[in-house]
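Q: I have a structure open and would like to learn how to read its features. Could you walk me through them?

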Amino acid sequence: MKFVRTESGFTLLEGMIATVILSVGVIAMTAMQGIAITRNVDSTELTVATNLASEMLERIQFNAMQGIAITRNVDSTELTVATNLASEMLERIQFNRRNVTVYNGLDINTANPLPNPCAFPVTQTMAQGDCVQWQAMMRNQGASGISQASQLNGVRGVVTVTPVVTNPPLFQSTVSVVVTWTGRSMGTTAASPRRVTLNTTIAPE
């Protein structure tokens with residue numbers, strides 16, 4: 001009489017294959033966890049470094065102005081507006097970097113306007129449009145959402161483009177955007193000239 005075995009289960013080979021697959025998955029998850037922790041540490045370090053730099057900039061600004069608290073608030077608002085104006089033009093020049101040199105000498109002066117500061121060659125329509133829009137932003141700051149109390153008095157923007165000499169030549173240019181204005185008098189702080197300068201190096205495409 002024969003007995004039929006009805007037992008079923010995994011063979012040794014199947015168990016080994018399952019163990020290998022599980023091990024590969026666990027190792028991959030461990031590696032990803034390490035990468036995630038590294039990225040998190042990097043972002044934390046960047047935040048701390050940025051906060052330290054901002055803290056020192058605020059202290060330097062306060063020491064230079066020697067004003068009261070409300071003066072610092074007004075000056076920080078003016079600083080934000082001026083930085084935004086300078087950044088706006090830098091972004092426009094970066095977008096039109098093939099023709100970066102045509103922006104050299106651009107001077108928008110709202111206090112003593114030049115006859116035609118946006119006179120560019122007819123082939124430089126983008127640069128002319130950038131100039132016209134930047135001029136409109138300075139002359140009509142309220143249209144950009146800036147409150148009357150935060151608008152800059154006698155604002156002026158000047159762009160300087162200087163070729164970078166390298167060997168071999170890389171055809172790069174250093175672009176400097178300077179925004180100057182007359183700060184408001186608040187309390188014991190008299191009205192005085194203020195300036196924001198943004199510099200960058202632009203390379204051709």
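Q: Which side chain does Arg92 meet in a salt bridge with Asp130 as a candidate, and what is the N to O distance?
A: A salt bridge is a side-chain nitrogen of Lys or Arg within 4 Å of a carboxyl oxygen of Asp or Glu. Here the side chains of Arg92 and Asp130 meet in such a bridge, at 3.1 Å from N to O. Arg92 lies in helix H2 and Asp130 in helix H3 (residues 125-139), so the pair ties together parts that are 38 residues apart in sequence. Helices (H or I, at least four residues) and strands (E, at least two) are DSSP runs, numbered from the N terminus.

Q: Before we go on, what kind of model is this?
A: This is a predicted model: local features need pLDDT of at least 70, side-chain atom pairs count only at pLDDT 80 or more, and totals for chains, interfaces and linings use all residues. Residues are numbered from 1 along each chain as its sequence is written, and side-chain values use heavy atoms, with hydrogens and water left out.

Q: What is the average pLDDT of the chain?
A: pLDDT is the predictor's confidence in each residue, from 0 to 100. The chain averages 75, and 66% of the residues score at least 70. Over residues 63-74 the pLDDT is below 50, yet this stretch has 14 contacts in the model beyond near neighbours in sequence; a contact means heavy atoms within 4.5 Å. Among the elements of the chain, H1 has the lowest mean pLDDT (66), while strand S2 (residues 153-163) has the highest (90).

Q: Back to the charges: how many salt bridges does the structure hold?
A: There are three. In one of them, the side chains of Glu88 and Arg92 meet at 2.8 Å, N to O. Glu88 and Arg92 are four residues apart in helix H2 (residues 69-95), so about one helical turn separates them. Another is formed by Asp107 and Arg156, whose closest N and O atoms are 2.5 Å apart. Because Asp107 lies in strand S1 (residues 107-109) and Arg156 in strand S2, that pair ties together parts 49 residues apart in sequence. Salt bridges that share partners also join Glu88, Arg92 and Asp130 into one network.

Q: Is Arg92 buried or exposed?
A: Buried means under 20% relative accessible area, exposed over 50%, and partly exposed in between (1.4 Å probe, protein chains only). Arg92 has a relative accessible area of 17%, so Arg92 is buried. Asp130 is buried as well, at 7%, whereas Glu88 is partly exposed at 23%. In the other pair, Asp107 counts as buried at 13%, and Arg156 is partly exposed at 32%.

Q: Which residues does the disulfide join?
A: A disulfide is a covalent bond between the sulfur atoms of two cysteines. The working cut-off is a pair of cysteine sulfur atoms within 2.5 Å. A search of the whole structure finds one, joining Cys118 to Cys131 with an S to S distance of 1.9 Å. Cys118 sits in the loop between S1 and H3 and Cys131 in helix H3, 13 residues apart, and the pair links distant parts of the chain. The link of Cys118 and Cys131 is left-handed, with -75° about the S-S bond. Both Cys118 and Cys131 are buried.
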